[in-house]
Amino acid sequence: MSVALFSPLPPMHVMAMTTFLLSIAGRHRRRLSTTSPASSASASSIVWREVTGQHKLTIDGCAPCRTKPWDWHVTSRPFDAAGYTWRITYFPNGNSWVDDYDDGGRRRPTDLLAFRFTLLDRAGNAVPELSRGKEMCIFCGETARRKGFHDFARWADLQASGCILAGAGGEADRFTVQCDITVVREWTEDNVVGGAGATGAARVVVPPPDLHYHLNNLLWKKQGTDVTIHVVDGGKDTTYDAHGWLLAARSPVFEAELLAAAREKPSGRRRIEVRGVDPGVFKAMLHFMYTDALPEPEPESTTTMVEEEEGKQQADTAAVAMAQGLLAAAHRYKLERLKLMCEAALLRRVHVGSAASSLAVAETHGCRALKAACEEFIARPGNLKAVMETEGFQKIKAECPAALIEFALKQLA
């Protein structure tokens with residue numbers, strides 16, 4: 001069984017010491033009078049408060065759920081917790097729990113929050129081994145409305161935990177998951193110094209930036225678009241409408257192509273043709289250019305009835321293919337941050353099935369860290385023979401033999 005949440009921040013994001021920085025917020029333009037005091041004093045506060053909420057969801061009839069299709073799911077009724085309205089979606093065979101933020105259609109981001117899913121034992125106590133959570137995340141509108149763990153727990157571990165209770169028929173067929181949500185509210189306030197009877201300043205909570213959300217809406221609603229992009233792949237022509245000013249600002253390659261298109265057609269809608277890029281990869285890249293983030297995979301995207309392990313393997317293969325395609329597209333259009341994000345994603349998925357193809361991608365597009373990781377994996381005892389039997393190895397032999405020669409020379413040195 002699995003739960004969908006943000007993955008934790010790397011350790012490097014955790015500060016080991018307290019830091020204070022002073023920055024100028026504006027210039028005091030009023031001329032000081034000769035009667036004004038030569039010094040002044042003021043005070044202010046940065047205030048954080050935690051608002052917590054909890055909801056327990058019971059799944060009664062988990063055995064019949066196992067016979068449902070891989071993408072079948074069920075959603076709880078809305079519930080209020082920590083100042084927001086939520087739903088929990090459960091995928092028994094896709095093994096996913098999803099926390100779903102319901103903002104009533106207003107599409108506003110939440111405050112910074114943390115949440116955790118925990119399975120409860122027969123006595124209603126939390127089981128630490130079957131608990132996963134996420135610190136420091138934000139839910140927002142359509143692009144980040146759902147978050148969860150895709151790999152929360154295996155059914156074998158769940159059955160061995162003692163968390164499954166007797167259902168209506170007397171068989172072990174029911175369990176309960178607890179969702180804890182903690183919202184961090186932040187504001188600043190002025191403290192009056194030396195003033196008797198002064199009232200406290202009004203509190204204003206400033207929400208986190210949501211420019212990426214509005215730009216994403218601008219893209220998919222096609223508001224004010226002036227460029228049509230034709231993505232030609234295998235004889236199929238897929239079109240996307242976009243904004244030339246944003247493409248030019250994000251990518252120097254698109255900037256040059258748009259200038260060339262403007263010279264050919266000084267007025268009217270400009271047209272760009274893209275070849276050699278999968279339409280799905282290009283759509284994800286376009287999403288990144290507007291939001292500076294990758295679209296989150298939907299747990300219910302697979303519609304094939306497959307066994308649990310086979311489904312995970314298919315999802316991993318698709319994720320590797322998408323990351324490799326995006327890395328190549330990012331290199332082509334000089335999107336350096338996207339390229340590094342894809343390289344980091346591939347570094348986390350170096351295994352027998354991906355090592356050869358990722359090595360070819362790393363060699364072709366100059367990704368040193370990924371190349372070193374793939375070479376180190378292939379060089380381990382027993383891995384080389386298994387990798388040589390993969391489709392990726394045949395591809396690297398045909399398309400990038402120099403990488404194999406370099407690897408062989410390193411092993412002989």
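Visitor: Which residues of α10 do Glu343, Leu346 and Leu347 in α8 meet?
Guide: This is a predicted model. Helix α8 covers residues 336–347, and helix α10 covers residues 368–378. From the α8 side, the contact comes from Glu343, Leu346 and Leu347. Their partners in α10 are Arg368, Ala369, Leu370 and Ala373.

Visitor: Are α8 and α10 roughly parallel or roughly antiparallel?
Guide: The two helices pack at an angle of about 15 degrees, with axes 9 Å apart. Angles under 35 degrees count as roughly parallel. So α8 and α10 are roughly parallel.

Visitor: How does α8 cross α10, left-handed or right-handed?
Guide: The pair has its axes 9 Å apart. As α8 passes α10, the crossing is left-handed.

Visitor: What about α9 and α10, roughly parallel or roughly antiparallel?
Guide: Their axes are 8 Å apart, and the packing angle is about 150 degrees. The cut-off for roughly antiparallel is over 145 degrees. α9 and α10 are therefore roughly antiparallel.

Visitor: Which residues of α10 make the contact with α9?
Guide: α9 passes α10 in a left-handed crossing. α9 brings Ala355, Ser358, Leu359, Ala362 and Glu363 to this contact. The α10 side consists of Leu370, Lys371, Cys374, Glu375, Phe377 and Ile378.

Visitor: Is cysteine 374 buried or exposed?
Guide: Cysteine 374 belongs to helix α10. Its relative accessibility is 0%. Buried means under 20%. So cysteine 374 is buried.

Visitor: Which residues is cysteine 374 in contact with, leaving aside neighbours within four places in sequence?
Guide: One of them is Leu359, 15 residues away along the chain. The C-alpha atoms of cysteine 374 and leucine 359 are separated by 5.7 Å. The full set is Val350, Ala355, Ser358 and Leu359.

Visitor: How many of the 11 residues of α9 are buried?
Guide: Helix α9 runs over residues 355–365 and is mostly covered. Its buried residues include Ala355, Ser358 and Leu359, which also touch cysteine 374. His365 is buried too. The count is nine.

Visitor: Which residue just after α9 takes a positive phi?
Guide: α9 is the helix of residues 355–365. Just after it, phi is about 70 degrees. The residue is glycine 366.

Visitor: Where is aspartate 292 found, given its positive phi although it is not a glycine?
Guide: Its phi is about 65 degrees. Aspartate 292 is partly exposed, with a relative accessible area of 33%. Its place is the loop between α6 and α7.

Visitor: What is the positive phi of lysine 334, which is not a glycine?
Guide: Lysine 334 lies in the loop between α7 and α8. Its phi is about 55 degrees.

Visitor: How many aromatic pairs does a search of the whole structure find, and how far apart are the ring centres of tyrosine 84 and tryptophan 86?
Guide: The search finds eight pairs. Tyrosine 84 and tryptophan 86 form an edge-to-face pair, with 70 degrees between the planes. Centre to centre, that pair spans 6.1 Å.

Visitor: Are tyrosine 84 and tryptophan 86 buried or exposed?
Guide: Tyrosine 84 has 13% relative accessibility. Tryptophan 86 has a relative accessible area of 0%. Under the 20% cut-off, tyrosine 84 counts as buried, and tryptophan 86 is also buried.

Visitor: Which residues do ring pairs link into a cluster?
Guide: Tyr84 and Trp86 are among them. The cluster also takes in three phenylalanines. They are Phe115, Phe117 and Phe139.

Visitor: How are the rings of tyrosine 240 and phenylalanine 282 arranged: edge-to-face or tilted?
Guide: The centres are 5.7 Å apart, with 35 degrees between the planes. Edge-to-face needs over 60 degrees, and stacked needs under 30. So the pair is tilted.

Visitor: How many residues apart are tyrosine 240 and phenylalanine 282?
Guide: Both are buried. Tyrosine 240 is in strand β12, and phenylalanine 282 is in helix α6. The pair links distant parts of the chain, 42 residues apart.

Visitor: Over which ring does the charged end of lysine 283 sit?
Guide: The charged end lies 5.5 Å from the ring centre. The ring is that of tryptophan 220.

Visitor: What share of the residues of the protein chain counts as buried?
Guide: The chain holds 13 helices and 13 strands. Among contacts with a separation of 6 or more, 68% join residues 24 or more positions apart. Of the 413 residues, the buried share is 39%.

Note on methods: Residues are numbered from 1 along each chain as its sequence is written. This is a predicted model: local features need pLDDT of at least 70, side-chain atom pairs count only at pLDDT 80 or more; totals for chains, interfaces and linings use all residues. Side-chain values use heavy atoms; hydrogens and water are left out. Rings of Phe, Tyr and Trp (its six-membered ring) pair if their centres lie within 6.5 Å; planes under 30 degrees apart count as stacked, over 60 as edge-to-face and the rest as tilted. Buried means under 20% relative accessible area, exposed over 50%, partly exposed in between (1.4 Å probe, protein chains only). Helices (H or I, at least four residues) and strands (E, at least two) are DSSP runs, numbered from the N terminus. A charge sits over a ring if NZ of Lys or CZ of Arg is within 6 Å of the ring centre and within 35 degrees of the ring normal. Axes are lines fitted to C-alpha atoms, for helices over the stretch in contact, and angles run from 0 to 180 degrees between N-to-C directions. Angles under 35 degrees count as roughly parallel, over 145 as roughly antiparallel, 65 to 115 as roughly perpendicular and the rest as oblique. A crossing is left-handed if the near helix is turned anticlockwise from the far one by less than a right angle, and right-handed if clockwise. Contact means heavy atoms within 4.5 Å.
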